[in-house]
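Colleague: Got a minute to go through this one with me? Put it up and I'll fire off questions.

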Amino acid sequence: MEKKNLDWANLSFSYMKTDKRFVANYRNGAWDDGQLTDDDKVVITECAGVLQYSQSCFEGLKAYTTEDGHVVCFRPDLNGQRMEDSCRRLEMPVFPTERFVDAVVETVKANLAWVPPYGSGATLYIRPYMFGSSAVIGVKPAEEYQFRILVTPVGPYFKGGAKPIVIRVSDFDRAAPHGTGHIKAGLNYAMSLHPIMDAHRQGYAENMYLDPATRTKVEETGGANFIFITKDGILVTPKSESILPSITRRSLLYVAEHYLGMKVEEREVPLAEVPSFAEVGLCGTAAVISPVGKIVNHDQEICVPSGMDNMGPVLTKLYDTLTGIQMGRIEAPEGWIKRIA
Ligand SMILES: *Cc1c(COP(=O)(O)O)cnc(C)c1O
């Protein structure tokens with residue numbers, strides 16, 4: 001198979017139309033078989049549930065080429081399970097995890113020419129999503145839904161190494177207790193656009209959101225979970241019902257414990273404890289780990305001891321181990337790597 005002629009290492013994180021996408025429709029209480037199509041346009045009624053009441057959710061994962069030349073993706077079953085959870089909370093029909101994984105595999109196989117080569121740092125970003133497609137005017141769930149998967153090649157998240165970022169403690173809240181913070185709903189992102197644009201205008205890369213009930217505990221950013229390293233080398237990550245359960249974070253915890261012999265703690269993290277940590281990172285599919293160098297809380301500046309030049313040593317070890325597992329350089333735990341080609 002001939003690869004597309006793209007400048008892989010210099011791709012940005014943006015949408016590019018590829019050859020095929022997967023589409024399945026839910027009608028009369030059941031999903032159809034779904035199919036691949038060339039058609040990138042979605043045609044729905046002007047009164048569709050997604051347009052009126054934002055009934056939508058999504059997932060994000062990557063396919064990439066391993067050192068020995070296979071195309072794989074990382075723990076897609078967990079994305080499928082998380083999408084099931086999102087659907088249940090939004091009164092949408094579940095697209096079963098087994099079918100989700102099959103559809104991911106089928107879509108990537110149909111776009112193999114777009115999967116970046118090993119060593120380029122680029123990956124094929126996979127975006128499964130679902131929305132209410134039938135007309136709704138009174139507030140209620142739609143009766144028909146569409147599940148789609150699109151793929152687009154994206155460049156390395158960090159060009160020229162991961163530089164620590166400066167973030168701020170947000171005065172806006174992200175997710176109420178007992179709300180929708182734990183699911184990947186489009187509405188969580190719609191309401192985060194103003195806080196993130198405001199942060200960028202003030203010179204910050206991301207927002208650190210606190211728990212809205214007490215505003216004393218760390219939750220997460222708009223699209224990544226926090227991991228902290230104590231001065232004693234313990235990995236600490238916030239525990240809260242309103243945090244999105246990042247697959248990267250769950251994988252890093254496992255790697256820390258079982259590959260690196262570290263102690264890990266998933267517990268409440270008071271904002272007041274943050275100045276005592278040695279390293280701070282954000283984790284998610286896109287960057288795996290982004291180091292945080294400074295956290296600004298109004299007139300208080302928390303300078304992370306690992307500094308503004310490089311990722312700290314413990315986060316670097318975690319990053320190298322997890323990306324080594326993903327790229328096939330280090331043996332993966334059973335079931336983590338789904339081979340596609
Ligand atoms: C998607 C997402 C993450 C990261 O999850 P991964 O599964 O690691 O990609 C973290 N926080 C939020 C709010 C997210 O939407």
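Colleague: What does Glu220 do with the ligand, and at what distance?

Modeller: This is a predicted model. In it, a polar side-chain atom of Glu220 sits 2.6 Å from a nitrogen atom of the ligand.

Colleague: And the ligand's oxygen atoms? What is 2.8 Å from one of them?

Modeller: The side chain of Arg82, through an N or O atom. Thr248 also has a side-chain N or O atom 2.6 Å from a ligand oxygen. Taken alone, the ligand exposes 390 Å², and the protein buries 96% of that.

Colleague: How many residues surround the ligand?

Modeller: There are 15. The closest are Lys184, Tyr189, Ser246, Thr248 and Thr285.

Colleague: How does that shell divide by residue type?

Modeller: Seven are polar, four are charged and four are nonpolar.

Colleague: Switching to pockets. What volume does the second largest one have?

Modeller: The second largest pocket comes to about 220 Å³.

Colleague: Which residues lie nearest its centre?

Modeller: Asp211, Lys217, Glu219, Ser240 and Ser242. They belong to a lining of 14 residues.

Colleague: How does that lining split?

Modeller: Six charged, five nonpolar, three polar.

Colleague: Salt bridges next. How many are there in the whole structure?

Modeller: The search finds 16.

Colleague: Give me a couple. What does Arg215 pair with?

Modeller: Asp173. The closest N and O atoms of Arg215 and Asp173 are 2.3 Å apart. Another one joins Lys41 to Asp40, with the closest N and O atoms at 3.2 Å.

Colleague: Is Lys41 buried or exposed?

Modeller: Exposed, because its relative accessibility is 55% and the cut-off for exposed is over 50%.

Colleague: And its partner, Asp40? Why is that residue classed as partly exposed?

Modeller: Asp40 has a relative accessible area of 25%. Buried would need under 20%, and exposed over 50%, so a value in between counts as partly exposed.

Colleague: Good. Recap the ligand's polar partners for my notes?

Modeller: Among them, Glu220 at 2.6 Å from a ligand nitrogen, Arg82 at 2.8 Å from a ligand oxygen, and Thr248 at 2.6 Å from a ligand oxygen.

Note on methods:
Residues numbered from 1 in each chain as written. Predicted model: local features only at pLDDT ≥ 70, side-chain atom pairs only at ≥ 80, totals over all residues. Heavy atoms only, no water. Near = heavy atom within 4 Å. Polar contact = N/O pair within 3.5 Å; in protein donor to acceptor, adjacent residues only side chain to side chain. Areas by Shrake-Rupley, 256 points an atom, 1.4 Å probe, with all protein chains shown as cover. Nonpolar A, V, L, I, M, F, W, Y, C, P; charged D, E, K, R; others polar. 1 Å grid on protein atoms, 1.4 Å probe; cavity = no way out; pocket = protein on both sides within 12 Å on 5 of 7 lines; lining within 4 Å. Points joined across faces, edges and corners; volume = space filled by probe spheres on them. Salt bridge = Lys/Arg side-chain N within 4 Å of Asp/Glu carboxyl O. Buried < 20%, exposed > 50% of the residue type's maximum accessible area, 1.4 Å probe, protein only.
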